[in-house]
Amino acid sequence: MSDFDVDLFVIGGGSGGVRAARIAAGHGARVMLAEEDRMGGTCVIRGCVPKKLLVYASRFAADFEDAAGYGWSVPKAAFDWPTLIKNKDAEIARLEGIYRTNLTRAGVEIVDSRAVIEDAHTVRVLKTGARIRARVILVATGGRVVKVPAVPGIEHAITSNEAFHLERLPERIAVVGGGYIAVEFAGIFAGLGVETTQIHRGEKLLRGFDEDLRDALGEAYARRGIRLCLECGLTSIEKVGGELLITLTDGRELRVDQVMIATGRMPNTERLGLEEAGVALASNGAIVVDAMSRTNVPSIYAVGDVTDRVNLTPVAIREGHAFADTVFGNSPGSVDHNVIPTAVFSTPEIGTVGLGEADARQRYGNVRIFRSSFRAMKATLSGREDRVLMKIVVDGDTDRVLGVHILGDGAGEMIQLVGIAVTMGATKADFDRTMAVHPTAAEELVTMRTPVA
Ligand SMILES: Cc1cc2nc3c(=O)[nH]c(=O)nc-3n(C[C@H](O)[C@H](O)[C@H](O)COP(=O)(O)OP(=O)(O)OC[C@H]3O[C@@H](n4cnc5c(N)ncnc54)[C@H](O)[C@@H]3O)c2cc1C
């Protein structure tokens, strides 16, 4: 008879926790999973999925406009926010149900409650008070939004969480932040016809991305009518009648209907019992783990955003899967965090993989840059001014492609496939000998012949 009630107790039913629980159960482990909110976690409930649905919604207005150049006369289109939110909520509820069914089918016991750690092998389920003894504990509690800076009146601001449930679409919004979530929401609101201002203390949007992409996105956003207040912060929010009066660090004042703060997220490690169990945390509260997602307490592991490695759903899923295979599947493995293709669902969209030019120059002496900026074929008849940017960063010594960066329609879909080549270690010569698909925008990736730098 085992000393433990379960082999694995997973705290958190998000991307990482759900995958780990299912795979571990598949390896024959007795698994219990606690989720204090809705099953599916940030990505499904208040992240990637609802966000992408809103992005789709936000792109129709431009499509209707573009249709005119192709001979279509589209009657003035009307948009209804409550319909979008209702339909989005129905889809999220459907997905949540699928997550639950899949876990149950895999044999995982679901506990709808907050759970906290009592010691290296004990988890307490708050709803029932039950103490569960587990051979292994996996912390997959993700992250949460934080409203920074905590300026006077910050309580009037919403975050991405509330943006998904606004009763009415605001007429004017200020989005504070320059990271991908702020960029995506500014794009969503602007596409839906909201007068949108994006406030960011940096000199460009999307810190950490390739500089050409950052420049091209800034230009595209300005062209779309998004008012960019860069090198600028928020100093206060005041409710005046039915509107919000915000002041900025440069003294400017702005009247809006909503302020959305998208400046930061924190690992969810507060009041989880981690310190009491002796689990080491980084200064920002993230759980410190090794390459195998193991904490300094041998029976406690952590995956996903709570470890603040690369905070993306596919990464959390891979980490959860690798953990389960390692601990319960007799097949040790770790996740390579080096080459991670990713998208920003701005409009125009961004797809990026590998090193940007500046990082490549820092790490490799001899770097060749291929860059192309052009008007997509679709824009010729529609008359849209948008340009597509494609950039390839190559190690001049080995010819290996170090990074690919795309801004334009379908960039997210393109970069998934380019990511395969870059992960395989493709060289520029491999790109060059790949036959072009004509006529596409993506063919530019295999036809850039002359380095620009
Ligand atoms: C607006 C937004 C858009 C995003 N868009 C993308 C995107 O396009 N692509 C992408 O790859 N990533 C995106 N992300 C990031 C992605 O959502 C996260 O990286 C991913 O969800 C992390 O998974 P996780 O398992 O670590 O944590 P989560 O998915 O956050 O799951 C953690 C779960 O643990 C639960 N929990 C916490 N504490 C406890 C406790 N004590 N007891 C029980 N349950 C607990 C929480 O309720 C939550 O459900 C986005 C995030 C946001 C906020």
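This report describes the domains, the ligand shell and some local backbone and side-chain features of a predicted model.

**Domains and recorded features**

The protein chain is divided into three parts, namely domain 1 (6-144 + 266-329), domain 2 (154-263) and domain 3 (341-446). Domain 1 is therefore written as two sequence segments, 6-144 and 266-329, while domain 2 is given as the single range 154-263. The centres of domain 2 and domain 3, taken over C-alpha atoms, are separated by 28 Å, and the two domains touch through 14 residues of domain 2 and 19 residues of domain 3.

Two features come from the UniProt record, both in an unreviewed entry. One, "domain: FAD/NAD(P)-binding", is placed at residues 7-320; over that span the chain is 32% helix and 24% strand, with the end C-alpha atoms 15 Å apart. The other, "domain: Pyridine nucleotide-disulphide oxidoreductase dimerisation", is placed by UniProt at residues 340-448, a span that is 30% helix and 28% strand and whose end C-alpha atoms lie 23 Å apart.

**The ligand and its shell**

The ligand is surrounded by 37 residues, of which the closest are Gly-16, Glu-35, Thr-42, Lys-51 and Asp-305. By class, the residues of this shell divide into 13 nonpolar, 16 polar and eight charged. Domain 1 (6-144 + 266-329) and domain 2 (154-263) each contribute at least three residues to the shell.

In terms of secondary structure, at least two shell residues come from each of helix H1 (15-26), helix H2 (41-46), helix H3 (48-67), helix H6 (180-191) and helix H8 (313-328). Helix H2 provides the largest share, with four residues.

Oxygen atoms of the ligand are approached by three of the closest residues, and the table gives the protein atom and the distance for each.

| Residue | Protein atom | Distance to a ligand oxygen atom |
|---|---|---|
| Gly-16 | backbone N or O | 2.8 Å |
| Glu-35 | polar side-chain atom | 2.6 Å |
| Thr-42 | polar side-chain atom | 2.4 Å |

Taken alone the ligand exposes 1000 Å², and the protein buries 96% of that area.

**Asp-212 and its partners**

Asp-212 lies in helix H7 (residues 211-223). Its side chain takes part in a polar contact with the side chain of Arg-371 at 2.7 Å, and a polar contact of 2.7 Å also joins the side chains of Asp-212 and Lys-391. When neighbours within four places in sequence are left aside, the residues in contact with Asp-212 are Glu-357, Arg-371, Leu-389 and Lys-391. Asp-212 falls within the range given for domain 2 (154-263), whereas Arg-371 and Lys-391 fall within that given for domain 3 (341-446).

**Thr-326 and Thr-427**

Thr-326 is found in helix H8, one of the helices that supply residues to the ligand shell. Thr-326 and Ala-34 are 292 residues apart in sequence, and their C-alpha atoms are 21 Å apart in space. Beyond its neighbours within four places in sequence, Thr-326 is in contact with Met-292, Ser-331, Pro-332 and Gly-333, and the side chain of Thr-326 reaches the backbone nitrogen of Gly-333 at 3.1 Å.

Thr-427, by contrast, lies in the loop between helix H11 (411-424) and helix H12. Its contacts, again leaving aside neighbours within four places in sequence, are Thr-398, Asp-399, Arg-400 and Val-401. From Thr-427 to Thr-398 the sequence separation is 29 residues, and the C-alpha to C-alpha distance is 7.8 Å.

**Backbone features**

Most residues other than glycine have a negative phi, and most peptide bonds are trans. Against that background, a cis peptide bond joins Val-148 and Pro-149, with omega about 0°, and Pro-149 is placed in the loop between strand S7 (143-145) and helix H5 (160-163). The peptide bond from His-438 to Pro-439 is also cis, with omega near -5°; Pro-439 is placed in the segment after helix H12 (428-433).

Glu-231, a residue other than glycine, has a positive phi near 50°, and its place is in the loop between strand S10 (227-230) and strand S11 (234-240).

Notes
Residues are numbered from 1 along each chain as its sequence is written. This is a predicted model: local features need pLDDT of at least 70, side-chain atom pairs count only at pLDDT 80 or more; totals for chains, interfaces and linings use all residues. Side-chain values use heavy atoms; hydrogens and water are left out. A residue is near a molecule or strand if one of its heavy atoms lies within 4 Å of it. A polar contact is a pair of N or O atoms within 3.5 Å; within protein, one must be able to donate a hydrogen and the other to accept it, and residues adjacent in sequence count only if both atoms are side-chain atoms. Accessible areas come from the Shrake-Rupley method with a 1.4 Å probe; for residues, only the protein chains shown count as cover. Ala, Val, Leu, Ile, Met, Phe, Trp, Tyr, Cys and Pro count as nonpolar, Asp, Glu, Lys and Arg as charged, and the others, Gly among them, as polar. UniProt positions are given in the numbering used here, feature names are shortened, and annotations may be inferred rather than shown by experiment. Contact means heavy atoms within 4.5 Å.
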